[in-house]
Structure formats: C-alpha cells, structure tokens
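Biologist: Please take a close look at one part of this model, the annotated active site. I would like a connected account of the residues there and their surroundings.

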Amino acid sequence: MTTSTNGTFDRTPLIAGNWKMNMDHVQGITLLQKLAWTLEDAKHDFTRVEVAVFPPFTDLRGVQTLVAGDDLPVVYGGQDLSPHDSGAYTGDISGQFLAKLGCKYVLVGHSERRTIHGETDELLRTKVEAAYRHSLVPVLCVGEGLEVRTAGRHVEHTLEQLRADLESLPAGQVADLVVAYEPVWAIGTGEVAGPEDAQEMCAAIRAELATLYDAGTAASVRLLYGGSVKAANAASILAGRDVDGLLVGGASLDPAEFASIVRFEHHLVTD
Ligand SMILES: O=C(CO)COP(=O)(O)O
C-alpha cells in the first residue's frame, strides 16, 4: 500500500510540486522552508515518499543554497531545458546549468510548453536526450486534450506522444525515467481524472514501455498522475497499482496542502 510494487520491483512514490510561473526567488525560499518544517514536524520519512519541487529558473540558486545549507531531504528540478548545451540561444537554459545547480529532475513536454510554446514531439525527443546527457532525470509529461478524450482516443493519443518522445532512447536510460500523465482537461480546472482513469492510462503506458523495451525496464519507470490533485483526492489516485506518484500544480503552492499530499499514506489510514 505504501510503496507501489509489481512483485519484483519496488517503486518509491514521488510527489512533485510544479510551481509553474509562481513564486519569485524570495517567495520560493519561504514556501520551501515552510514545506520542510511541516514535513519535519510530521516526521515525514523521505526515503518512503520522495519529495521534489520544480521552481522557476530564477529560484533555483536560492533553492540549492537552502537545501544544501539546511541539509533538506527535498530534491528539485527545472521546468524545462534547452535541447542544446550552450551557445547563441537567447533566453534558453541548458541542462548543463541545471545539473550544476544540483537539479535531479527536469520537466519535459509539460502541456503548457506543448500548447503555449508549440513544442513538438520532435523537439521534445531532443530535450529528453539533452536531459540524459547532463545526468538529469526527465519527467516526461504526456496527456490528451478534451476533444481527444471525448472521442475516446485518449490512450492511443498519449501512447503516440510517448513513442515519439522516447524514440531511439536506449533501455538503460529509460529505466530511471519518470512519465507524468497529465490530461490537459484536468489541469488547473478542478476537473480531476478519476482514480480509474489515472490507473487505466498508467497501466497502458507501462504496457507500452514493456513492448518498446522489456518488462523489467517498464516495471522500473515511475508513472505520475497530474491534474487538479489535492490532499482530498491524492490517496485514492495513488491506490492504483501503476500510479507511482503525483505532479501537483496549484496545490503545491500551499505548503500545508502539499505536505498533506506528500503524507497521503496517513490519509489511507485515517480517512
Ligand atoms: O499541470 C499540472 C502540474 O504540472 C497540474 O496543475 P494543477 O494541479 O494546478 O491542475
């Protein structure tokens, strides 16, 4: 119940907060401090449930200093990266720079990058490769819009994205990948996919990874759900055997709410 398992592999749940374009570097430090205090007070065991935050780029140096200075067991990552390592790419941020700032993860292909910035699967594949080049773990975001869901093509569509974004990536690299299923219609809308929807898609993604690679690789990849997650719905979504964590937007800006999501096991016991 605590750690997802398929009988062979144990996958440590990952609860990740995507701050999006919220929290300047001063606000970000305050938020992270409050989150750490709340989790410490609750005696949270970070080895049982990993906690990650994805602040804006301008916050990362402050986050690094706080995490290192206070020895916080929280990990962090960038919300995007350039497919290039350095050069004349005004406004872009290299995976090399993120690695130097101590980032463990990087989001790739968030639906807001795909829709607002027109990022294609072709581009995202090169971003996944760039992440691995700099020893960052990509959190690859996939998911369908409302029209696709209504047409009943959501699994087909999401697996198409997955295949296109991972094309030609070796199994050795895919083993520590994180994939986040974020149905676009559930992001920031209050509409949450039901636990069955999250499990259906995560099972389909794992089966696809087993076909593309092998069963062992597929079993080691962590699959997250994202879209209007709150403390009240976290535990039921995480009950799905293929759902290994959550990517939380709005609710990650409230330290008490986010800490409560991190402590989802507690809700399973007390709710
Ligand atoms: O996009 C998301 C996380 O990356 C989800 O955002 P909300 O939790 O605000 O719906």
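**The active site**

Modeller: The side chain of His110 comes to 3.0 Å from the backbone nitrogen of Glu112. The model is a predicted one, and this contact is a place to begin. His110 sits in the loop that runs between strand E6 (105-108) and helix H4 (111-116). With a relative accessible area of 4%, His110 is buried, since the cut-off for that term is under 20%.

The reason to start from this residue is an annotation: an unreviewed UniProt entry gives the feature "active site" at His110 and Glu182. The two span 73 residues in sequence, but their C-alpha atoms are no more than 8.3 Å apart, so they gather at one spot. Both His110 and Glu182 are included in the lining of the largest cavity.

Glu182 also belongs to a loop, the one between strand E8 (178-181) and helix H9 (195-212). Its relative accessibility is 5%, so Glu182 counts as buried.

The contacts fill in the surroundings. Setting aside neighbours within four places in sequence, His110 is in contact with Asn18, Lys20, Cys141, Glu182 and Ile187. The annotated pair therefore touch each other, as contact means heavy atoms within 4.5 Å. On the other side of the pair, Glu182 touches Cys141 and Ile187 in addition to His110. With residues up to four places away again left out, the contacts of Glu182 also include Val142, Gly143 and Glu144, along with Gly226, Gly227 and Leu247.

Terms used
Residues are numbered from 1 along each chain as its sequence is written. This is a predicted model: local features need pLDDT of at least 70, side-chain atom pairs count only at pLDDT 80 or more; totals for chains, interfaces and linings use all residues. Side-chain values use heavy atoms; hydrogens and water are left out. UniProt positions are given in the numbering used here, feature names are shortened, and annotations may be inferred rather than shown by experiment. On a 1 Å grid over the protein atoms alone, a cavity is a set of points where a 1.4 Å probe fits but cannot get out, and a pocket is an open set with protein on both sides within 12 Å along at least five of seven lines; lining residues have an atom within 4 Å of a point. Helices (H or I, at least four residues) and strands (E, at least two) are DSSP runs, numbered from the N terminus. Buried means under 20% relative accessible area, exposed over 50%, partly exposed in between (1.4 Å probe, protein chains only). A polar contact is a pair of N or O atoms within 3.5 Å; within protein, one must be able to donate a hydrogen and the other to accept it, and residues adjacent in sequence count only if both atoms are side-chain atoms.
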